[in-house]
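Here's a structure you may not have met before. Let's walk through it with a few questions and answers.

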Amino acid sequence: MSSLSLDSYKAVIFDLDGIITQTMQLHQKAWKKMFDAFLQQYEGQEPFSEKDYQKFVDGKPRYDGVRSFLQSRNIDLPEGSKEGSKEEDTIYGLGMRKNQYFLQELESQGAKVYDDTLAWIKQWKSEGKKLAVVSSSKNCRPVLKQAKLLHFFEVVVDGTDSQQKHLKGKPEADIFLEAAQLLNIKPKEAIVFEDAISGVQAGKKGKFGLVVGVNRANQAQQMKEAGADLVINTLSELFK
């Protein structure tokens with residue numbers, strides 16, 4: 001692959017988990033721990049799988065992920081509330097439980113960074129490109145701080161911002177469009193890097209200049225079908 005030209009792009013917008021940091025694995029482990037324990041009360045339910053993560057949870061806001069997976073298993077739970085207990089079998093209760101497990105994993109394992117992405121972040125920053133991070137996670141800023149990367153980005157739009165500004169989660173384009181607006185650029189002037197199908201769909205819906213799917217989970221064909229303009233396995237391929 002020849003080196004990707006950024007001459008016509010003013011900005012780069014990155015997803016966090018699976019693109020910048022390897023926290024996707026921590027999220028997946030936390031989701032599995034929470035759902036497997038919950039599903040034990042339902043006879044005949046299969047454990048939460050990697051395919052479940054990719055299809056129903058990956059890239060989506062936390063509580064949307066809970067709803068999506070439960071719907072796939074024909075399980076109906078009350079919504080509950082943010083003020084409720086994480087021990088309650090509600091949408092909010094399960095979501096809070098998952099977040100507790102994720103924070104425990106993050107504390108014990110840390111936020112490892114993908115070296116291939118870090119190399120490009122440093123290069124594009126030195127070239128004066130505008131850089132932003134979008135994430136459905138409310139833990140985005142703490143993760144970036146722990147990884148000592150927050151200073152690279154002019155804009156961060158995460159799950160907390162989405163809640164405060166009533167932005168729709170992926171696969172809708174709201175958080176990407178919010179990042180573009182805060183960067184003061186048009187969507188067509190930015191490249192989007194995503195590893196989730198829902199994120200690729202969001203980038204396409206937002207009509208961004210180039211939507212790059214990073215195939216961390218063997219989903220190349222699904223990414224193309226979702227609208228990725230380019231699919232790569234690692235960002236290091238862009239140097240070739």
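Q: Which strands does strand 1 pair with, the one that four bridges join to it and the one that five bridges join to it?
A: Keep in mind that this is a predicted model. Four bridges link strand 1 with residues 190-194, running parallel, and that partner is strand 4. Five bridges link strand 1 with residues 130-134, also parallel, and that partner is strand 2.

Q: Which residue of strand 4 stands opposite Phe 14?
A: Strand 1 has a residue facing each partner: Val 12 stands opposite Leu 131 in strand 2. On the strand 4 side, Phe 14 is matched with Phe 193.

Q: Is strand 1 buried or exposed?
A: Take its two faces in turn. Ala 11, Ile 13 and Asp 15 sit on one side, Val 12 and Phe 14 on the other, and both sides are covered. That makes five of five residues under 20% relative accessible area, so strand 1 is largely enclosed by the rest of the structure: buried.

Q: Which helix gives the largest share of the largest nonpolar core?
A: This core has 55 residues, and those touching the most other members include Phe 14, Phe 35 and Phe 193. Eight of its residues come from one helix, spanning residues 24-39: helix 1.

Q: Which residues of strand 1 are in contact with Ile 20?
A: Ile 20 is also among the core members that touch the most others. Setting aside neighbours within four places in sequence, its contacts include Val 133, Leu 149 and Phe 153. From strand 1, the list has Phe 14 and Asp 15.

How values were computed:
Residues numbered from 1 in each chain as written. Predicted model: local features only at pLDDT ≥ 70, side-chain atom pairs only at ≥ 80, totals over all residues. Heavy atoms only, no water. Buried < 20%, exposed > 50% of the residue type's maximum accessible area, 1.4 Å probe, protein only. Helix = DSSP H or I, 4+ residues; strand = E, 2+ residues; numbered from the N terminus. Pairing = 2+ DSSP bridges. Core = buried A, V, L, I, M, F, W, Y, C linked by side-chain atoms within 4.5 Å. Contact = heavy atoms within 4.5 Å.
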